[in-house]
Amino acid sequence: MKPLITSGNAALDGYEDNRRGWFIGHFLDERRGLRSTADIEVKWGIHPQGEVKISYALNEIATTMSLLISGRFKLDFPDQDQAVTLAQPGDYVIFGPGVPHIWEALEDSVVLSVRWPSLQADQKSL
């Protein structure tokens with residue numbers, strides 16, 4: 001039975017087991033308690049200035065929201081001919097299934113990303 005309360009630190013929990021910042025989702029086993037769920041995925045992304053995701057990826061079913069905590073962070077959506085720069089804490093972008101994206105940290109950045117639902121093998125690299 002899962003506990004009724006789970007606490008931790010996103011910056012630490014997201015990098016255990018080489019999860020690249022993802023600390024809630026289907027990919028965690030039940031020993032992680034409430035953090036193991038197929039309903040949602042949450043990432044605490046710590047990105048140094050100049051870090052770039054250059055290979056396009058998309059989710060086939062899930063929707064994603066990225067929310068800037070600190071720094072400046074740019075997301076490019078080539079199929080939509082659009083780019084969004086998250087420049088102020090609280091700036092966010094939401095993109096739906098089937099939307100390819102790449103990103104770049106324009107400054108040292110912390111970005112909270114939420115994806116729903118949390119599905120195995122939903123993200124595809126292009």
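**Entry 1: words first**

I need one definition before I start: a residue is buried under 20% relative accessible area, exposed over 50%, and partly exposed in between. I also note that I am looking at a predicted model.

**Entry 2: salt bridges**

How many salt bridges does a search of the whole structure find? I got 6 of them, and I looked up a few.

I began with Asp29, which forms a salt bridge with Arg31. The closest N and O atoms of Asp29 and Arg31 are 2.6 Å apart. Is Asp29 buried, partly exposed or exposed? Its relative accessibility is 34%, so I put Asp29 down as partly exposed. Arg31 comes out at 71%, so I put Arg31 down as exposed.

Next I went to Asp13 and Arg35, whose side chains meet in a salt bridge at 3.9 Å, N to O. This pair links distant parts of the chain, 22 residues apart: Asp13 is in helix H1, and Arg35 is in the loop between S1 and strand S2 (41-47). Why do I call Asp13 buried? Asp13 is buried because its relative accessible area is 15%, and the cut-off is under 20%. Arg35 is buried too, at 10%.

Then I checked Arg32 and Glu16, and their side chains meet in a salt bridge at 3.5 Å, N to O. Here again distant parts of the chain are linked: Arg32 sits in the loop between S1 and S2, Glu16 in the loop between H1 and S1, with their positions 16 residues apart. Arg32 counts as partly exposed at 25%, and Glu16 is also partly exposed, at 23%.

Which residues are linked in a network of salt bridges? I found Asp13, Glu16, Arg32 and Arg35 in it.

**Entry 3: a charge over a ring, and a positive phi**

I looked at Arg19 and saw its charged end sitting over the ring of Phe27, 4.3 Å from the ring's centre. While there I counted aromatic pairs for the structure and got 2.

Arg20 caught my eye as well, since its phi is near 55 degrees, a positive value in a residue other than glycine. Where is Arg20 found? I traced Arg20 to the loop between helix H1 (10-13) and strand S1 (22-24).

Asp81 gave me another positive phi in a residue other than glycine, near 50 degrees. Asp81 lies in the loop between strand S5 (73-77) and strand S6 (82-86). Is Asp81 buried or exposed? It has 74% relative accessibility, so I wrote exposed.

**Entry 4: the core**

Which residues make up the largest nonpolar core? I listed 12: Leu68, Phe73, Leu75, Phe77, Val84, Leu86, Val93, Phe95, Val99, Trp103, Ala105 and Val111. Two or more core residues come from each of S5, S6, strand S7 (92-95) and strand S8 (101-105). S5 gives the largest share, with 3 residues.

**Entry 5: Trp116 and the bond after it**

I followed strand S9 (residues 109-116) and found Trp116 in it. At a relative accessible area of 35%, Trp116 is partly exposed. I see Trp116 again on the surface, where a nonpolar patch of about 330 Å² is made by Tyr92, Ile94 and Trp116. Why can Trp116 be part of a patch? Its relative accessible area is 35%, and patches are made of residues with over 30% and no salt bridge.

Is the peptide bond from Trp116 to Pro117 cis or trans? I wrote down cis, with omega near -10 degrees. Pro117 lies in the loop between S9 and strand S10 (123-125).

**Entry 6: far in sequence, how far in space?**

I ended with two C-alpha checks. Thr64 and Pro97 are 33 residues apart in sequence, and their C-alpha atoms are 8.0 Å apart in space. Thr64 has its place in strand S4 (residues 63-70), and I call Thr64 buried because its relative accessibility is 3%.

My other check was Pro48 and Gly71, which are 23 residues apart along the chain, with 9.3 Å separating their C-alpha atoms. I found Pro48 in the loop between S2 and strand S3 (52-59). Pro48 is partly exposed, at 46%.

Technical notes. Residues numbered from 1 in each chain as written. Predicted model: local features only at pLDDT ≥ 70, side-chain atom pairs only at ≥ 80, totals over all residues. Heavy atoms only, no water. Patch = residues over 30% accessible without salt bridge, like charges linked within 9 Å, V, L, I, M, F, W, Y side chains within 5 Å. Areas by Shrake-Rupley, 256 points an atom, 1.4 Å probe, with all protein chains shown as cover. Salt bridge = Lys/Arg side-chain N within 4 Å of Asp/Glu carboxyl O. Helix = DSSP H or I, 4+ residues; strand = E, 2+ residues; numbered from the N terminus. Buried < 20%, exposed > 50% of the residue type's maximum accessible area, 1.4 Å probe, protein only. Phe/Tyr/Trp six-rings, centres within 6.5 Å; stacked < 30°, edge-to-face > 60°. Lys NZ or Arg CZ within 6 Å of the ring centre and 35° of its normal. Core = buried A, V, L, I, M, F, W, Y, C linked by side-chain atoms within 4.5 Å.
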